[in-house]
Amino acid sequence: MVQLLLGWFDLQLIFTILTDGLIYGSYLFIVAVGMTVIFGVQRVLNVTHGSFYAFGAYLAAYLGGIWYEHELPDFGGFVIIFLAAIVVGVFFGILIERGLLKHLYGKDEHIVVLATFAAFLALEGIGLFIWGTDPYFFYQPQMMLGFVEILGMTYDYYNLSLIVLALIISLSIWYFLSRTIWGRLLQAVIFDREVSQAMGVNVTAVFLGTFILGTTLGALSGAAIAPTISVLPGIGVEVVVLAFAVVVIGGMGSIPGALIGSVLVGVVRAAAIHEFPQAEMFVIYAIMAIVLVFRPEGLFAPPAVRKI
Amino acid sequence: MSADKTIIGVTIAVVLLACANFFIADWIRQIGLLSMAIGSVALGLLVLWRTGLISFGHALFYGFSAYGVALLNYLGVRDAFVLVIVSAAASGLLAWGLGFLVRRYRAIFFALLTMAFSMILYGVLAKTERFGSTDGLNVHPPTFLGYAPVDQAAQITLFLFGLLVIYGLILGVQIYLRSVLGQMTTAVRENEIRVEYLGYSVEHVIHIKYVISGLLAGFGGAIMALAVGQVDPESMAYWTASGEFVFVAILAGTGNVAAPFIGAVAFEVIRHFAWEHGANLWQLIMGGTLLAIIMFVPDGIWSVLQRLVGKKDGVK
Amino acid sequence: MTTILEVNGLEKRFGGVVAAQNIGVTVSAGETIGIIGANGAGKTTFVNMVTGHLPPSAGTVKFLGTNIVGLPPRRITELGLCRSFQVPQVFLSESVFDNVLMAYGIAEESGFSMLRPLRNKERDARVRKHLASYQIAEHEETAASALSQGIRKLLDIAMATVRKPQLLMLDEPTSGISVEEKFDLMDIIMAALREEQTTVMFIEHDMEIVQRHVARVLAFSQGEIICDAPTAKAMVDPKVVEFVLGQEYHVGIRSDA
C-alpha cells in the first residue's frame, strides 16, 4: 500500500501514464469523433463505423504494401493514409447513406441501430472476401519517423503524431462549425431539423455531407492506426464498442465531449495498465456505465439538441 | 382459447422432440441443444422487446451463468439440475441488482447501459487468469440426479434435460405474459403516465421484466456451457454475442413464446451450413438476413408462419 | 358531510415565476365543483399538484386525512384520487376494450395476484358494463388511435374511474370538442359519475356547462383562487366577472361566430 502510494508520487510514472493516456486518448478521439458527428446531426448510432475503420486500415495497408514493395519514396505512406481515408469515406458514405439510412430516417431508433448492425456484419463478411484472413503490415511510416527518448521512456514519433492529428481534427471541426457558413447551417439543422427545412436548408444534402464527413473520419482513424497494428479480421468489432463508450461518456453528439471523454478514458486506462493491468478493459466500460447512471446525457451533452 | 393452443402446441412439439431425440444424428441433436440455449436468451429478449426495450448486453447474463456452471464444476458440483438452477438463479439475482439502475432508462440509453454492463463482465473474464483469461474454462460432462451417462447417452440425456428446462421456461413465460403484470407491455411502451395514474409503477414493471429476462438468459448460458463443454469470454460475454441474440429475437419475431426457439433453430442451422463455407459467408448471410428482416418482415419468422397457416387470431 | 380533500397554502414556482400560490380549498364528499379561469390562471397546475404530477413548492394536500404531497401518482391513485387529462392519455394502439381491461387489471390485482390472468369472464363483464355506462360499448373493438376526440375523452375518463375513486379530477373534459357534442358528452360523464356518487372537480371554460352541472365554483386568476362560492353567486362576483367571465365571453363570441 505504501509502495503503491509512493508509486503514485513517482513523477516519471505520472508522466508516462499521461503520455500513454494522451496517445491512446487521441486514438480514441479520432475513432469516435466521426461517430459522434453523425449522431449529432442524424440521430443515428452508427455501428457501421467499425467497418469504415477496418476498410480504412485495410486499404491503407494494402496500398502501402504495394507502394513499399516497389521501393517508392517513404513519405508516400502518409499520402496513402489520407488517400485511403477519402476513398473509403466517400464510397461507403454514399453507399450507406443513400442505400440504407435514407430509408430509415424517422423510424424507431432501435431499428436504425439494428440495421447498421446488420450492414456492419455484412461488411465484415465482404471485408473477409476482399482481404482474406492473413494480416497486413504497414509499419514503414512508423519506422520512418523514428523514436525519441523522454525521461527514460522510448516513444515513437508516429504515436506522438496521433496527438497532433487529433488536435488538428478537433480544431478543424471547431473552425468549420463556428466560423463557416456551412458550419452554421449544420448547427441549424442539428438544432431544429424541421425549421431548417422550412427555411430552405437542403437537409438531404446536409445529411449526406455529414455522413460522408463522419465516414471519412472513421476511415481516417483506421488508416492512421494501421501503421501501429497488424491489420487483421475483426479489428472493426472492437472499435465499435470503444467508440460507443467514448461517445456516451462525452455526450452523444458532442465534439468537445468526445475529446474530453477520449482523454479521460485514455488516461484512466493508461493508469490501469501501469498499476492494475487486469482492469485495462474493465475501466473503460465501468466509466461508461458510471456516466450513464449518474449523467445519462453524458459529460458534455449539447443542451440544445436534448431539449426535445 | 388460444392460450391453450400455444401450450398444447408446445407440449406436442416437446414430446415429439423427446422421442426423435433417440433416432437423430449427433450433429442434429447438437444443433437442437444450441438452439435451446440461444432460444432461451431470445425468449428473454422477447419479454423486454414487447415493452419496446432492447438489450444490447444480454451476453452479461448468458456469460455470467455459463461461467457459473464452470466455476461450480471447480467446487465439485456436477449435477446438471443444481448447475443450471443455481447459475441461472445467480444471473437472475444479478439482473435484480442491476435492475435498480437499468429500470430508469428507455430506448437507446437502455440498450447502451446494458451493453456497458456486459462489456464490464467481458473485461473481467478476459483479463482474469483464474477464469482462464481469453481461453476460458472447461466444463465437465454433468450427471443427472446421480445418473452419469457417457458418450452418446450423455448427449441424449442432456437433450432430454434441456427439453425439460425449456418446457418449464416456456410455460412459465406464457403464464406470465397472460397475467396482468405480463400484459403491461403495450401499455408501458405507449403511455407511462397513464400506467402510473392507473396505479402501477412503470419502473417496477420494467424491473420485473428485466429480472425474468436475465433469468432466461441465465438458463440459456448454463445449457450452452453444458452443451459445448467449455466457456470463453469471446463467444459468451462479448458484445457480438449480445448482437447475435438480438439477431435471433428479430429473426423470430415477438408473436409467440415458441417463436424464439424456431428463430434459434433457423439461426443455428444457417450457421452450421454457412461455416462449412467459411466465416466470411456466415457474416454476410447473417448481415443480409437481418437487413432483409428489418426491411421486409419486421415481425419476424413467426408472422410469416402465421400467414402461411392462415391464422387470423393474433396471439394476445 | 365528510371532508375528503383539504388543500392549504399550496404554491408552485418555476424559477422566479409564480404559477400558483396561496391555494386553499376544502372539498366534501358528494360535491361537484367547477374550476374556471383564463388560460394560464393556474387551474391545470393546481390539478397537477394535487394528483402528484407536479411537486408543489410549498403547502399541504390532505386526502382522506393523509398528506399526499410527495407521493407518486400511483400511490395517490391507489388512495382513491384519480384524474383524467386534457389530452387523453390512453394506449393508442390498443382497442377500447383492452384499454379499459388493463385499467381493471391494475385496479383489481396487486402484489403476487398481478400474476393472475388479465382476462377472465367476470372481468370481461365488468369491463363491458363500464363501457356501457360511458356509452362507448359500440367502439370496444376500435383502436384508441382511430377514435374521435370526444370518444377518446370518454375513454380517458372511463379509465380514470374504474377504481371508483373517492375524488375524480377532470382536466378540461370538453376541450377540443365541438359545441354540438360537448353538452351530450358532459351529460354522459356526469350521469355515469352520479350513479357511482363520485365527488368530482373539473376544469371547464364553458359557463353554460358549469351552470348546468356544478353547485360550487373555484375561480382562478394569476395563480390564485379569487372566488370560491356557490355557482349562482360566483357568476355575479365582480372579480370573477372582471378576470374570468370577461375573457370567457370573448372566447364564446368568437367560437359562436
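Long-range contacts dominate the picture in chain B of this predicted model: among contacts between residues at least 6 apart in sequence, 80% join residues at least 24 apart. The secondary structure of chain B comes to 15 helices and two strands. With a radius of gyration of 19 Å against the 20 Å that the globule rule gives for 316 residues, chain B is as compact as a globular protein of that length. Its C-alpha trace spans about 55 × 45 × 40 Å along the principal axes. Of the 316 residues in chain B, 61% count as buried. What chain B does expose adds up to about 11800 Å², and 68% of that is supplied by carbon and sulfur atoms.

As for how far the prediction can be trusted here, the mean pLDDT of chain B is 89, and 97% of its residues reach 70 or more. Confidence in chain B is lowest in helix α1 (residues 2-20), where the mean is 84. At the other end of the range sits helix α10 (residues 202-228) of chain B, where confidence is highest, at 95.

One residue gives a look at the inside of chain B. B:Ser91 belongs to helix α4 (residues 80-102) of chain B. With a relative accessibility of 0%, B:Ser91 counts as buried, because anything under 20% falls in that class. Setting aside neighbours within four places in sequence, the contacts of B:Ser91 are B:Phe61, B:Phe64, B:Ser65, B:Gly214 and B:Gly218.

Turning to charged pairs, the count over all chains comes to 24 salt bridges. One of them joins C:Asp156 to B:Arg194, with the closest N and O atoms 2.4 Å apart. This pair crosses between chains, running from helix α5 (residues 149-160) of chain C, which holds C:Asp156, to helix α9 (residues 192-198) of chain B, which holds B:Arg194. Are the two partners buried or exposed? C:Asp156 has 1% relative accessibility and so counts as buried, and B:Arg194, at a relative accessible area of 0%, is buried too.

Within chain C, C:Glu109 forms a salt bridge with C:Arg123, and here the closest N and O atoms are 3.0 Å apart. The pair links distant parts of the chain, 14 residues apart: C:Glu109 is in the loop between α3 (96-108) and α4 (121-133) of chain C, while C:Arg123 is in helix α4 itself. Both C:Glu109 and C:Arg123 are buried. These two also belong to a network of salt bridges that links C:Glu108, C:Glu109, C:Arg116, C:Arg123 and C:Arg126.

Another salt bridge in chain C pairs C:Asp206 with C:Lys182, the closest N and O atoms being 3.5 Å apart. C:Asp206 lies in the loop between β8 (199-203) and α7 (207-213) of chain C and C:Lys182 in helix α6 (residues 179-196) of chain C, so the bridge ties together parts that are 24 residues apart in sequence. C:Asp206 and C:Lys182 are both buried.

Chain C also carries a sheet worth walking through. Four strands of chain C form an open sheet in the order β2-β1-β4-β5, with antiparallel pairing. The edge strands are β2 and β5 (66-67) of chain C, each of which pairs on one side only. Strand β1 (residues 3-14) of chain C runs antiparallel to strand β2 (residues 17-28) of chain C, and the two pair over eight bridges. β1(C) also pairs with strand β4 (residues 58-63) of chain C, again in the antiparallel sense, over five bridges.

C:Leu5 shows both of these pairings at once. In β2(C), its bridge partner is C:Val27, and in β4(C), C:Leu5 stands opposite C:Phe63. In a regular strand, side chains alternate between the two faces of the sheet. Where the β1(C)-β2(C) hairpin turns, C:Phe14 has C:Val17 as its bridge partner in β2(C). That hairpin has two residues between the strands, and C:Gly15 takes a positive phi near 60 degrees.

Key:
Residues numbered from 1 in each chain as written. Chains lettered and ligands numbered in written order. Heavy atoms only, no water. pLDDT = per-residue confidence, 0-100. Salt bridge = Lys/Arg side-chain N within 4 Å of Asp/Glu carboxyl O. Buried < 20%, exposed > 50% of the residue type's maximum accessible area, 1.4 Å probe, protein only. Rg over C-alpha atoms; globule rule 2.2 N^0.38 Å. Contact = heavy atoms within 4.5 Å. Areas by Shrake-Rupley, 256 points an atom, 1.4 Å probe, with all protein chains shown as cover. Pairing = 2+ DSSP bridges.
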